[in-house]
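Work through the exercises below with the structure open. Try each task before reading its solution.

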Amino acid sequence: MSTRSRQETNVISLAGDWTLELDPSDEGVSNKWFQRTLRNRVSLPGSLPAQGIGDEITPETKWTGTIFDRSYFESDKYARYRRPGNIKVPFWLQPEKYFVGPAWYQREIDIPESWSGQRLVLFLERPHWQTRVWIDDREVGFGDSLSTPHEIAVDEPPAAGRHRITIRVDNRVHIDVGENAHSISDHTQGNWNGIAGRIELRATGRSWIEELNIDPQVASRSVTVRGKLAGTRAPGESEVTLQVMSRYDAAILASHNTEINWTSEGGLFAAQLSLGANARLWDEFDPVVYELTATFAGETRRALFGLREFRADGTQFSINGKKIFLRGTLDCCIFPHTGHPPMDVDSWRAILGKIRTYGLNHVRFHSWCPPEAAFIAGDELGLYFQVECAVWPNSTAVLGSESPRGIGDGREIDRWAISEGERILRAYGNHPCFVLMACGNEPGGARHKEYLSAWVNHFRQLDGRRLYTGTAGWPELPENQFHVIPDPRIHQWGDGLACRINGQPPATTHDYREVISSRDVPVVSHEIGQWCAYPPIGDTEKYKKPLKAYSYEIFAEDLAAHHMADQAEDFLHASGKLQALCYKEEIESALRTPGMAGFQLLGLQDFPGQGTAPVGLLDAFWEEKGYLSAPEMRRFCGPTVPLARLPKRVFTSDEALHADIEAAHFGAAPLQNAVTSWEIACDRGAVLQRGELSPTHIPLGNGSHLGRISVDLQGAAAPARYKLTVRITADETCGENHWDLWLYPSQIDVTVPPELSLVRSVPDALALLERGRTVLLIPEANQPRNDVALGFSPIFWNTACTQGQPPHTLGILCDPTHPLFAGFPTDSHSNWQWWHLITRAAALNLDFLPPGFRPLVQVVDDWFTNRRLGLILEARAGAGKLIASGIDILDEETNPVARQLLHRMITYASSAVFEPVERLSNQEIESLFRVDP
């Protein structure tokens with residue numbers, strides 16, 4: 001953004017105490033509230049919910065956003081949360097008070113004598129949403145941007161002295177940007193009323209610098225500066241002085257006086273400034289920022305820029321002629337501490353810095369545009385931004401409308417989305433981090449393609465400093481300079497248990513080259529991941545005003561009602577470890593794909609709306625949840641990532657391991673004489689084999705084949721987990737990555753000894769238990785009595801929003817030190833070897849068992865249902881002892897994992913250490929299974 005500078009006497013800060021009146025009946029304009037003194041007090045900058053102003057929350061509160069699951073309003077389960085004094089909603093963060101409508105803000109100001117004859121501008125950095133402004137009794141202006149400051153010029157400035165300023169802020173949805181757009185929705189920041197950021201009254205001369213655009217030319221290390229002056233031509237003023245200074249060492253790189261060409265539309269000027277052959281370019285590795293100052297008639301306007309050219313290079317992106325890969329996350333405008341975007345640079349340095357530490361270099365601002373402070377921090381940190389025009393036009397909450405509509409139907413949104421895009425470019429277009437732009441997210445409307453084609457063409461012609469696409473998700477338009485589409489990701493909406501991660505054995509060979517090869521512009525994968533962990537329900541104390549996580553309190557109380565409150569942290573950790581595994585495979589699949597341009601995670605941060613979607617590796621405050629650190633993620637998500645193509649992860653001791661080793665390298669420069677080393681080591685520390693591939697040149701790009709490794713597994717210790725580690729070194733370690741593998745004996749005894757009975761039938765098991773036998777009960781997979789959709793992966797997004805799409809679970813939880821697992825290597829959570837068991841299993845519902853009963857292998861359930869689920873349990877029953885399994889492991893000839901688990905169950909059940917503590921009745925055992933009469 002370009003900013004103006006002047007003496008302090010030319011700016012009056014209006015931050016502080018204001019008076020306030022709420023106008024729920026919208027009568028203030030007709031009754032001329034701007035003429036009366038308002039009664040209540042409020043602080044600006046700020047929002048009404050942050051100050052506890054508004055209406056009490058009730059079940060009848062008219063929210064802004066689609067409530068996908070209506071059970072809160074209808075189900076007895078939530079009845080107590082609908083009672084006065086205990087109103088808690090499960091579908092998003094909840095303010096203490098809520099107000100949607102016009103709110104009137106008022107204060108007195110003293111205009112100094114020195115401002116006589118000056119032009120006045122009221123600067124409102126981030127109002128939410130529409131503003132109308134009066135000075136005394138005269139209306140002076142209007143603003144309706146969601147993305148840029150409202151700068152309201154006072155064409156006829158009042159005389160010096162005391163005056164009353166009144167601002168009407170209306171957060172109703174007058175323009176149908178879509179009620180779920182993150183710019184306005186209660187799913188995200190909340191539909192707040194107020195003004196954030198700077199609030200200032202400014203004085204300028206009668207002519208001023210209206211626009212300042214900087215177009216870098218990397219090859220010549222120069223910039224073209226174009227500007228526009230507005231107002232009345234100043235006598236004797238014919239030049240603008242331009243100067244470029246380096247922000248990192250304060251050196252002056254260029255200075256130039258350029259003539260003004262005055263026309264009927266104002267004064268225009270243009271100049272080419274050379275920055276010198278040694279001027280540094282801007283990118284993620286060297287984010288050097290320069291500052292241009294333009295001075296005219298005593299006024300100075302400043303703009304930050306970087307020397308960079310961002311282009312499409314076939315199906316990939318390049319910056320300054322070098323290929324890059326976008327490793328991105330969404331920012332969905334979620335700020336529980338403030339209830340609106342932070343307006344200071346330090347806060348954005350913290351957020352974007354955390355994103356960088358996790359190996360990412362790209363942020364997509366989903367259906368909203370951040371304030372200037374974010375762009376300043378993004379420039380400094382070398383991040384690549386995709387900014388959107390604050391719309392998600394496939395649902396509606398517009399006044400007087402009941403049916404969902406989209407964009408391109410000839411309504412006001414069509415004009416507004418173009419105007420908003422133009423405002424965004426004027427405000428932030430010089431920032432080097434601003435490289436991609438879209439109209440918004442996932443549109444609807446019968447003519448949305450035609451509209452978006454015209455939208456893209458308009459902005460391509462207007463400003464060529466970045467690339468444009470219609471909207472994220474769809475459609476693919478010929479005019480798009482890049483696509484953001486869901487095709488190259490593991491799980492599509494509606495896949496259920498058929499997606500690759502649930503339906504195919506674990507491997508590390510899959511990529512999306514077929515998707516990429518059929519396109520001719522860069523392809524970024526849309527909202528990948530969406531893998532959930534159990535929500536961090538112990539964090540409710542972190543949520544102060546204005547937004548509370550009452551949803552977490554609901555989930556915590558329900559977990560306690562199911563007798564598992566003590567397991568909340570274990571559920572979070574175990575499900576989080578599985579979530580991290582899935583994200584690793586998701587990201588590596590993209591990095592393995594030749595010619596792919598990037599990915600956008602949904603997301604690195606938890607999403608508290610749309611029913612609650614704890615998809616983040618970080619919580620809603622961008623803080624770690626304790627199961628994946630930033631250094632761990634950078635192994636598989638960073639500038640240089642070694643990749644191994646393994647056709648499977650589970651081996652037997654009569655096999656050999658073969659893996660093709662590749663690199664996805666998008667560093668500052670190609671790697672010369674890079675050495676790739678590898679080793680396979682057992683969990684116990686012993687190295688099975690290590691080696692080194694021939695030194696090679698690794699260019700910028702992915703799909704660089706480094707060599708092939710082959711290891712004969714005969715004689716290796718089994719059963720055991722091994723880790724394949726690959727390291728790329730060029731002067732220093734550039735990248736290191738690893739993959740878990742499992743080795744099982746090719747032959748193992750699964751003979752059932754005489755003292756043990758293995759049965760498939762529940763009645764048979766009960767009869768044997770009455771006779772004092774030790775019983776191993778392994779029914780067929782369709783016999784457990786429940787409707788749990790058990791998958792290997794965790795829940796996709798959340799079952800409330802997806803209307804129950806499977807899977808319904810979040811992985812397993814067990815104690816690896818239990819004797820059952822002495823010869824079955826496992827973590828406390830799901831890992832890839834469990835796929836070979838989960839896919840032949842059905843969960844046992846333990847809700848009818850004694851409250852303290854815990855299985856040997858537990859299943860972490862959906863936080864909306866919190867069922868006590870298990871896969872393997874032990875108990876005393878009748879006069880005997882029982883192990884029951886929901887995993888059908890008897891058909892184990894081609895499944896070494898099932899065979900090994902069967903061996904361990906037989907061995908354990910036949911041993912002296914098998915002494916179950918808990919006792920179950922016949923009725924309790926029967927409650928677990930479908931028993932034929």
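Strands here are DSSP runs of E with at least two residues, helices are runs of H or I with at least four, and both are numbered from the N terminus. By that count, asparagine 866 is found in the loop between strand 49 (857-861) and strand 50 (869-877). The model is a predicted one.

**Exercise 1. Backbone of two loop residues**

Task: Find the sign of phi for asparagine 866 and for glutamine 530. Then decide whether each side is buried or exposed.

Solution:
- Step 1. Phi of asparagine 866 is near 50°, a positive value in a residue other than glycine.
- Step 2. Its relative accessibility is 1%. Buried means under 20%, so asparagine 866 counts as buried.
- Step 3. Glutamine 530 also has a positive phi, near 60°, and is not a glycine.
- Step 4. Glutamine 530 lies in the loop between strand 33 (523-529) and strand 34 (547-548).
- Step 5. With a relative accessible area of 4%, glutamine 530 is buried.

**Exercise 2. Cis peptide bonds**

Task: What is the form of the peptide bond from leucine 44 to proline 45, and of the one that joins alanine 718 and proline 719? Place both prolines.

Solution:
- Step 1. Leucine 44 to proline 45 is cis, with omega near 0°.
- Step 2. Proline 45 sits in the loop between strand 4 (40-44) and strand 5 (46-47).
- Step 3. Alanine 718 and proline 719 are joined by a cis bond, with omega about 0°.
- Step 4. Proline 719 belongs to the loop between strand 42 (701-712) and strand 43 (720-730).

**Exercise 3. Surroundings of threonine 612**

Task: Locate threonine 612 and list its contacts beyond four places in sequence.

Solution:
- Step 1. Threonine 612 lies in the loop between strand 35 (598-602) and helix 10 (630-634).
- Step 2. Its relative accessibility is 1%, so threonine 612 counts as buried.
- Step 3. Beyond its neighbours within four places, threonine 612 is in contact with Pro90, Phe91, Ser551, Tyr552, Phe555, Phe607, Trp797, Asn798 and Trp863.
- Step 4. Look at proline 90 again. Its backbone oxygen lies 3.1 Å from a polar atom of the threonine 612 side chain.

**Exercise 4. Aromatic rings**

Task: How many aromatic pairs does the structure hold? Describe the pair of tyrosine 72 and phenylalanine 91, then that of tryptophan 455 and phenylalanine 459.

Solution:
- Step 1. The structure holds 42 aromatic pairs.
- Step 2. Tyrosine 72 and phenylalanine 91 are 5.7 Å apart, centre to centre, with 85° between the planes. This pair is edge-to-face.
- Step 3. Tyrosine 72 lies in helix 1 (residues 71-74) and phenylalanine 91 in the loop between helix 1 and strand 7 (94-95), so the pair ties together parts 19 residues apart in sequence.
- Step 4. Tyrosine 72 and phenylalanine 91 are both buried.
- Step 5. The ring centres of tryptophan 455 and phenylalanine 459 are 4.5 Å apart and the planes are at 50°, so this pair is tilted.
- Step 6. Tryptophan 455 and phenylalanine 459 are four residues apart in helix 5 (residues 448-462), which means about one helical turn separates them.
- Step 7. Tryptophan 455 is buried, at 1% relative accessible area. Phenylalanine 459 is buried at 0%.

**Exercise 5. Charges over rings**

Task: Which ring does the charged end of arginine 202 sit over, and which does arginine 466 lie over?

Solution:
- Step 1. The charged end of arginine 202 sits over phenylalanine 123, 3.9 Å from the ring centre.
- Step 2. Arginine 466 lies over the face of phenylalanine 434, at 4.0 Å from the ring centre.
- Step 3. Phe434 is one of an aromatic cluster, whose members include Phe335, Trp348 and Tyr428.

**Exercise 6. An open sheet**

Task: Give the strand order of the eight-strand sheet and find its edges.

Solution:
- Step 1. The order is 31-30-29-28-27-35-33-32, with parallel pairing.
- Step 2. Strand 31 (467-472) and strand 32 (483-485) each have a single partner strand, so one side of each is left without a neighbour in the sheet.
- Step 3. The twist averages 25° from one strand to the next.
- Step 4. Strand 27 (residues 326-331) and strand 28 (residues 362-365) pair over four bridges. Threonine 329 has valine 363, in strand 28, as its bridge partner.
- Step 5. Helix 2 (residues 345-357) packs on the sheet and touches strand 27, strand 28 and strand 29 (384-391). The direction of helix 2 makes about 120° with that of strand 28.

Definitions and conventions:
Residues are numbered from 1 along each chain as its sequence is written. This is a predicted model: local features need pLDDT of at least 70, side-chain atom pairs count only at pLDDT 80 or more; totals for chains, interfaces and linings use all residues. Side-chain values use heavy atoms; hydrogens and water are left out. Buried means under 20% relative accessible area, exposed over 50%, partly exposed in between (1.4 Å probe, protein chains only). A polar contact is a pair of N or O atoms within 3.5 Å; within protein, one must be able to donate a hydrogen and the other to accept it, and residues adjacent in sequence count only if both atoms are side-chain atoms. Contact means heavy atoms within 4.5 Å. Rings of Phe, Tyr and Trp (its six-membered ring) pair if their centres lie within 6.5 Å; planes under 30 degrees apart count as stacked, over 60 as edge-to-face and the rest as tilted. A charge sits over a ring if NZ of Lys or CZ of Arg is within 6 Å of the ring centre and within 35 degrees of the ring normal. Two strands pair if DSSP finds at least two bridges between them. Axes are lines fitted to C-alpha atoms, for helices over the stretch in contact, and angles run from 0 to 180 degrees between N-to-C directions.
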